[in-house]
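Please work through the following exercises with the sequence and the model side by side. Each one sets a task and then solves it step by step.

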Amino acid sequence: MRHVLTLAATLLAAAAPAAVWAQKAPAAAPNDDPSYRKEFVYGINFNTKGGLIGGVSVRSSHVLNEKWSRYWSIEGVEVKHPKERRLVSNNGGSFVRDKANFLYVLRPTIGVQRVIFRKAPEAGVQVNALFGAGPSIGLQMPYYIYYDYTPVDPNGQALGPDDIRAEAYDPRLHGNLGRVLDRAPLFSGINEVKPLLGAHIRAALSFEYGRYRDAVAGIETGFLLEAYGKRPIILSTLPSADIDDNSINNRFYPSVYLTIYLGSRS
């Protein structure tokens with residue numbers, strides 16, 4: 001019995017420092033690693049250089065650690081000139097005065113994303129900061145209209161059959177706005193598309209509202225600066241001493257944008 005008591009006392013003495021250390025040791029920090037490694041989202045873009053809907057985008061992200069991800073994305077938008085003016089023609093159609101070309105842009109982007117505030121697993125909002133850059137591939141397509149070439153007498157009466165032609169709009173040739181009837185179908189000038197090369201950078205914040213681990217929804221809002229090596233000609237005008245196509249069109253296109261997106265995680 002004496003030997004048993006002695007052995008028990010020895011074991012208690014050895015365990016006491018470990019117990020004291022366990023009481024003083026800090027609790028392990030919770031694991032902040034995300035429960036997913038990949039994210040894929042797609043969305044609708046609104047921007048200050050586009051129309052009612054600027055375009056569409058997709059983005060794929062790969063998680064590096066609890067704070068950082070890398071991503072690639074591609075965005076397709078239409079860029080409009082800030083001085084475009086839509087007019088109503090005499091027969092009820094509509095067209096944009098002095099518009100020479102549509103400008104459609106594809107923007108492949110490579111960038112990084114950092115988590116600023118991580119939401120709870122099934123509630124709250126996650127805030128991310130994004131930065132990216134890449135080429136801008138512009139597609140300049142002529143803007144076609146219907147123009148009335150029907151000859152008329154001084155009283156405005158037609159002297160022959162209707163002669164209405166679909167042509168690329170040029171204010172030098174189509175100076176009589178009363179004879180512009182309507183814009184032609186959207187892709188009338190698709191066989192005359194000219195490519196333009198440029199580059200862009202962007203910085204943004206995203207706010208994610210995904211409630212479940214494998215689904216995500218949110219908005220991304222930010223600033224984008226785009227520049228082209230050759231000046232896109234969106235509007236055209238009659239030549240004069242102080243105004244030409246280069247003076248009314250820009251090489252640099254800064255814009256503020258907002259993208260609403262949905263997607264999944266795995």
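A residue counts as buried when its relative accessible area is under 20%, as exposed when that area is over 50%, and as partly exposed in between. The model used here is a predicted one.

**Exercise 1. Classify tyrosine 36, asparagine 128 and valine 112 by burial, and place each of them in the chain.**

Step 1. Tyrosine 36 has a relative accessible area of 10% and is therefore buried; its place is in the loop that lies between helix 1 (2-24) and strand 1. Its C-alpha atom is separated by 5.2 Å from that of serine 266, although the two residues are 230 residues apart along the chain.

Step 2. Asparagine 128, with a relative accessible area of 0%, is likewise buried, and this residue is found in strand 7. From C-alpha to C-alpha, asparagine 128 and serine 206 are 5.1 Å apart in space, while in sequence they are 78 residues apart.

Step 3. Valine 112 has 37% relative accessibility, so it counts as partly exposed; the residue belongs to strand 6 (residues 101-117).

**Exercise 2. Trace the closed barrel and state how strand 13 pairs within it.**

Step 1. The barrel is closed and has eight strands, which follow one another as 1-2-3-6-7-11-12-13 with antiparallel pairing. On average, and with direction ignored, neighbouring strands of this sheet are turned by 25° against each other.

Step 2. In general, strands of a sheet pair through backbone hydrogen bonds, and they do so in either the parallel or the antiparallel sense.

Step 3. Strand 1 (residues 38-47) is joined to strand 13 by nine bridges, and the two run antiparallel; within strand 13, isoleucine 260 stands opposite isoleucine 44.

Step 4. Strand 12 is also antiparallel to strand 13, and 13 bridges join these two; glycine 218 has tyrosine 261 of strand 13 as its bridge partner.

Step 5. The two faces of strand 13 can then be told apart: the covered face consists of Tyr253, Ser255, Tyr257, Thr259, Tyr261, Gly263 and Arg265, whereas the uncovered face consists of Phe252, Pro254, Val256, Leu258, Ile260, Leu262 and Ser264.

**Exercise 3. Find the nonpolar surface patch and the strands that contribute to it.**

Step 1. Leu64, Trp68, Val112, Phe131, Ile201, Phe223, Leu225, Phe252 and Val256 make a nonpolar surface patch of about 830 Å².

Step 2. At least two residues of the nonpolar patch come from strand 12 (215-228), and at least two from strand 13 (252-265). Phe252 and Val256 are members of the patch, and both are listed on the uncovered face of strand 13.

**Exercise 4. Decide which geometry two of the aromatic pairs have, and which parts of the chain they connect.**

Step 1. Two rings pair if their centres lie within 6.5 Å, and planes over 60 degrees apart count as edge-to-face. By this rule there are five aromatic pairs.

Step 2. For phenylalanine 102 and tyrosine 143 the ring centres are 5.3 Å apart and the planes stand at 65°, so this pair is edge-to-face. Because phenylalanine 102 lies in strand 6 and tyrosine 143 in the loop between strand 7 (126-142) and strand 8, the pair ties together parts that are 41 residues apart in sequence. Phenylalanine 102 and tyrosine 143 are both buried.

Step 3. For tyrosine 228 and tyrosine 253 the centres are 6.2 Å apart and the planes at 80°, so the pair is again edge-to-face. This pair links distant parts of the chain, since tyrosine 228 is in strand 12 and tyrosine 253 in strand 13, 25 residues apart. Tyrosine 228 and tyrosine 253 are both buried.

Step 4. One aromatic cluster is formed by Phe102, Tyr104 and Tyr143.

**Exercise 5. Describe the open sheet and explain which of its strands stand at the edges.**

Step 1. The open sheet has three strands in the order 9-8-10, and their pairing is antiparallel.

Step 2. Strand 9 (164-168) and strand 10 (180-183) each have a single partner strand and stand at the edges, so one side of each is left without a neighbour in the sheet.

Step 3. Strand 8 (residues 144-148) pairs with strand 9 over five bridges in the antiparallel sense, and tyrosine 144 has alanine 168 in strand 9 as its bridge partner.

Technical notes: Residues are numbered from 1 along each chain as its sequence is written. This is a predicted model: local features need pLDDT of at least 70, side-chain atom pairs count only at pLDDT 80 or more; totals for chains, interfaces and linings use all residues. Side-chain values use heavy atoms; hydrogens and water are left out. Two strands pair if DSSP finds at least two bridges between them. Helices (H or I, at least four residues) and strands (E, at least two) are DSSP runs, numbered from the N terminus. Patches are made of residues with over 30% relative accessible area and no salt bridge: like charges are joined within 9 Å, nonpolar side chains (Val, Leu, Ile, Met, Phe, Trp, Tyr) within 5 Å. Accessible areas come from the Shrake-Rupley method with a 1.4 Å probe; for residues, only the protein chains shown count as cover. A salt bridge is a side-chain nitrogen of Lys or Arg within 4 Å of a carboxyl oxygen of Asp or Glu. Buried means under 20% relative accessible area, exposed over 50%, partly exposed in between (1.4 Å probe, protein chains only). Rings of Phe, Tyr and Trp (its six-membered ring) pair if their centres lie within 6.5 Å; planes under 30 degrees apart count as stacked, over 60 as edge-to-face and the rest as tilted. Axes are lines fitted to C-alpha atoms, for helices over the stretch in contact, and angles run from 0 to 180 degrees between N-to-C directions.
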